Amino acid sequence: MVLNSAYLSVLISLISFALSYEILSTATQANSTITPDSSNTAYPLSYCGFNLIRANYKSTPLDLSPKSHIGSRFLQETRENEWSSLRIHIEYMDLNIPNSQIDYIKRIVKGSVKWYENTLKVKRLTEKLKLESLEDCVEVKVPQKDKTEGEDADIILYFTAGRKYPSIFGYASNCATDAETVQPIAGILYIDTSSLSQLSDEDLYSTAIHEMAHLLGFDPELFPNFTKPDGTKYSTDEMFINSND
Ligand SMILES: [Zn+2]
């Protein structure tokens with residue numbers, strides 16, 4: 001995945017912003033269940049539930065190589081050679097929220113998705129994205145049509161909302177990766193509507209953008225796979241900044 005250069009500084013700021021919150025919130029999220037400490041509602045230390053989710057769920061690698069060409073003399077490539085804008089397909093799953101909030105929440109999610117589609121580029125899959133052997137994506141069941149028909153997309157986003165975890169604003173995580181490139185191909189975004197009335201449009205939009213950064217790759221589990229343009233991996237020193245230096 002590469003960035004349009006115009007957005008690079010914006011994304012770096014976003015990632016730094018995300019990283020600082022994650023470090024600050026690690027101490028309060030060290031428990032291994034999805035039960036955030038409800039007594040800790042201070043903004044912004046408890047607004048992101050990514051660490052809680054990641055402690056319980058691992059991403060599943062899926063083989064995306066075109067099956068129909070096995071045995072053929074000319075094997076079809078899994079991905080195109082050119083870089084193109086990222087395509088994110090949104091599936092709205094269990095939206096346990098009042099009808100009056102649904103359109104508003106959907107607009108926020110669509111806006112965040114559009115932002116990333118305008119910002120990131122990928123080598124697109126040459127065939128439809130199918131999640132053939134994926135049963136669940138964290139807390140949602142993968143719809144049958146995503147396993148059989150697939151989507152013209154590079155990543156499928158399952159969006160859910162409700163009031164399950166009132167001490168966080170939301171969480172996101174990828175749940176499947178391309179076994180070859182280790183880039184996320186499916187993920188979940190959850191927004192908790194308990195504190196919706198206290199959040200401005202900008203707060204909610206920035207929460208959705210922050211969470212989607214986790215889904216798309218801002219995930220310590222994926223850091224060892226980050227690759228430079230020349231094909232080599234980043235060293236630990238290049239990846240992490242020691243705050244004592
Ligand atoms: Zn976070």
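Student: In this predicted model, is F226 buried, partly exposed or exposed?

Tutor: The count of C-beta neighbours inside 10 Å is 13 for F226. A residue needs 20 or more to be buried and 12 or fewer to be exposed. Because 13 lies in between, F226 counts as partly exposed.

Student: Where along the chain is F226 placed?

Tutor: Two helices frame this part of the chain: α5 covers residues 201-216, and α6 covers residues 236-239. F226 belongs to the loop between α5 and α6.

Student: Which residues are in contact with F226, if its neighbours within four places in sequence are left aside?

Tutor: Contact requires C-beta atoms within 7 Å. With the neighbours within four places set aside, the contacts of F226 are K233 and Y234.

Student: What distance separates the C-alpha atoms of F226 and Q183?

Tutor: Along the chain, F226 and Q183 are 43 residues apart. In space, their C-alpha atoms are separated by 9.1 Å.

Student: How many residues of strand β10 are buried?

Tutor: Strand β10 spans residues 184-192 and is mostly covered. The number of its residues that are buried is nine of nine.

Student: Which strand pairs with β10 in the antiparallel sense?

Tutor: Strand β8 (residues 155-162) is joined to β10 by seven bridges, but these two run parallel; in that pairing, G162 has D192 as its bridge partner. The antiparallel pairing with β10 also has seven bridges, and there S173 stands opposite I188. The strand in question, residues 170-178, is β9.

Student: Which residue in the hairpin of β9 and β10 takes a positive phi?

Tutor: Five residues lie between the two strands of this hairpin. The residue with a positive phi, near 60 degrees, is V182.

Notes: Residues numbered from 1 in each chain as written. Predicted model: local features only at pLDDT ≥ 70, side-chain atom pairs only at ≥ 80, totals over all residues. Helix = DSSP H or I, 4+ residues; strand = E, 2+ residues; numbered from the N terminus. Contact = placed C-beta atoms within 7 Å. Pairing = 2+ DSSP bridges.
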